[in-house]
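Colleague: Before I rely on any of the labels in this model, I would like to hear the reasoning behind them. Could you take me through it?

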Amino acid sequence: MSESQRIVVGTETVEIPGSLPVLPVRDAVVFPGINVPLSVGRARSLAALEEAGDGGLILVATQRNPKEEEPGLEGLHPIATVARVLRIVDARQGAKQALVVGVVRARFASAPATGRALRAAITPLVESREPSAELEAARTRVIELSHQVIDLRDDYPDEWKSVVSNMPTPGLLADMVASSVQMTTEARVALLCEPDPVRRLWQVARALEREVTIAETQRALRIQEGDAPLDPKHRERLLRRRMRDIQDELGEAAGGEREADELAEKLEAAQLPEHARIHADRELKRFRALAQHAPDRHLLRTYLEWVADLPWAKETEDHLEIGDARRVLDEDHHGLAKVKDRILEYLAVRKLAPNAKAPILCFVGPPGVGKTSLGKSIARALGRKLARASLGGVRDEAEIRGHRRTYVGAMPGRVLQSLRR
């Protein structure tokens, strides 16, 4: 096993241990210097994350076959990224959300197992920083093409020009642009495996040239159809369909755009009310503007999927027939005359004054006396669907009303979860 090494990353000296726990990822590629959110759910991956801990180092390696459930080291691409774990947050069903930042490329080999996590021996790959005319030419070309893409695309802010121009090293410039531009996972892996910053910059330049061609074609279509009497949403769908056709012809997989289009179709099918539709469209526009591996992208996608899955346009009509309600209550429950009479009084008032503000029925009693089954009987009598949300053991009100979306792994509350089910 190799010994630990000290390397310089920016202005910081980082000590890389001789071996590290391995976190295999399916379709993501972590570049040095780039923050990436990761969802972790497999047992060995959770063990690796636990072993690294908050602030620790971990080796993030992309799988050769994304469908493989438990890959060994031979099932991973040979070059991976040593990353620092910035934050770990619990997610649903025992999974974790982790925010990591790449530190350095590394070649790895098998190492003796010391626990439940997969481990590998690490050899960091430090880039040469010697300036040359070819390196400066490649850097200038990438900056020039990046500025063109930002000018042509409305979803890229102008502030990104200064970010691109002020990258401290050519290698970091190539990695940053590669993490933001539309590329396949295989292309990103090829960039990660390329140690020479000059060749890496030229590969990024070719990807940017495709982006410029697509953006120019999209703008030309927008100008040509500027006077066409089309509905704005129909026009947007038409342009995006043509853009996908162009990308397919260029051999460029538009994973992020396809994902945004699928979300837009789901939101359209959900028949949102006007106030919710305005808000959803604004969030969808933000989603399209984010880079494919931006930390906020996963949060926005989860939020929009929840909005699209809620039953906005579905409603059941109450069956307010007192005789039928009494029959259902008598079939389901023996005795409980006072309770049944109170329920029937409640339903009778609902029938006489359907638009009045109705109170909430509250059943109080020890476990096993029939509170939940009474609720099921009322739902059956009214012809409604029933959702049961148990609040036993809840300590945080956010579990009921939902978390703020600024938290990693934020989830809606119990009421919305029941509506969605």
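Modeller: Two strands are said to pair if DSSP finds at least two bridges between them. This is a predicted model, and in it six bridges join β7 to β8, which run antiparallel; six satisfies the requirement of at least two, so the two strands count as paired. One of the positions concerned is A106, whose bridge partner in β8 is P124.

Colleague: What makes strand β3 a partner of β8?

Modeller: Strand β3 (residues 19-25) and β8 pair in the antiparallel sense over three bridges, and since at least two are required, the pairing holds. In β8, R119 is the bridge partner of P21. Strand β8 (residues 119-125) is also mostly covered, with five of its seven residues buried.

Colleague: How do you know that β6 pairs with β5, and how many bridges join β6 to β7?

Modeller: Strand β5 (residues 57-62) and strand β6 (residues 79-90) are joined by four bridges and run antiparallel, and I58 stands opposite A83 in β6. Between β6 and strand β7 (residues 96-110) there are 11 bridges, again in the antiparallel sense, with V82 opposite V104 in β7. Both counts meet the threshold of at least two, so β6 is paired with β5 and with β7. Moreover, β6 and β7 form a hairpin with five residues between them, and Q93 in that turn has a positive phi of about 55°.

Colleague: Why is V189 called buried?

Modeller: The relative accessible area of V189 is 7%, and because buried means under 20%, the residue falls in that class. V189 is found in helix α5 (residues 185-192), and, leaving aside residues up to four places away in sequence, it touches V29, T62 and H77. V189 and Q63 are 126 residues apart in sequence, while their C-alpha atoms are 9.9 Å apart in space.

Colleague: Why, then, are C193 and C362 placed in other classes?

Modeller: C193 has a relative accessibility of 29%, which lies between the limits of 20% and 50%, so C193 is partly exposed. C362 has a relative accessible area of 64%, and since exposed means over 50%, C362 is exposed. As for bonds between cysteines, the structure holds zero disulfides.

Colleague: Which class does L336 belong to, and why?

Modeller: L336 has a relative accessible area of 35%, which again lies between 20% and 50%, and it is therefore partly exposed. L336 lies in the loop between α11 (322-332) and α12 (337-352), and its phi is positive, about 55°, although L336 is not a glycine.

Colleague: How do you know that the length of helix α2 is close to what is expected?

Modeller: Helix α2 (residues 133-152) has 20 residues and reaches 29 Å from its first C-alpha to its last, which is close to the 28 Å expected at 1.5 Å a residue. Its buried residues include L135, A138, V142, L145 and V149.

Colleague: What makes a group of residues a nonpolar core, and where does V142 fit in?

Modeller: Such a core is a set of buried residues of listed kinds, Val and Leu among them, joined through side-chain atoms within 4.5 Å. The largest nonpolar core has 52 residues, and V142 is among those with the most contacts inside it, as are L38, I58, V60, L173, V204 and L208. A second, separate core of 19 residues includes V14, L20, A61 and A120. L208, for its part, touches V142, L145, S146, V149, V177 and V181, residues up to four places away in sequence not being counted.

Colleague: What do the buried residues of helix α1 pack against?

Modeller: Helix α1 (residues 43-52) has S45, L46, A47, A48, L49 and A52 as its buried residues, and these pack against β3, β4 (35-40), β5, β6 and β7. The helix is followed by G53, whose phi is positive, near 70°.

Colleague: Which element has the lowest mean pLDDT, and which the highest?

Modeller: Helix α7 (residues 232-250) has the lowest mean pLDDT among the elements, 64, and β5 the highest, 93. Where pLDDT is low, the predicted coordinates should not be read in detail. Over the protein the average is 82, and 88% of the residues score at least 70.

Methods. Residues are numbered from 1 along each chain as its sequence is written. This is a predicted model: local features need pLDDT of at least 70, side-chain atom pairs count only at pLDDT 80 or more; totals for chains, interfaces and linings use all residues. Side-chain values use heavy atoms; hydrogens and water are left out. Buried means under 20% relative accessible area, exposed over 50%, partly exposed in between (1.4 Å probe, protein chains only). Contact means heavy atoms within 4.5 Å. The expected span of a helix is 1.5 Å times one less than its number of residues. A disulfide is a pair of cysteine sulfur atoms within 2.5 Å. pLDDT is the predictor's confidence in each residue, from 0 to 100.
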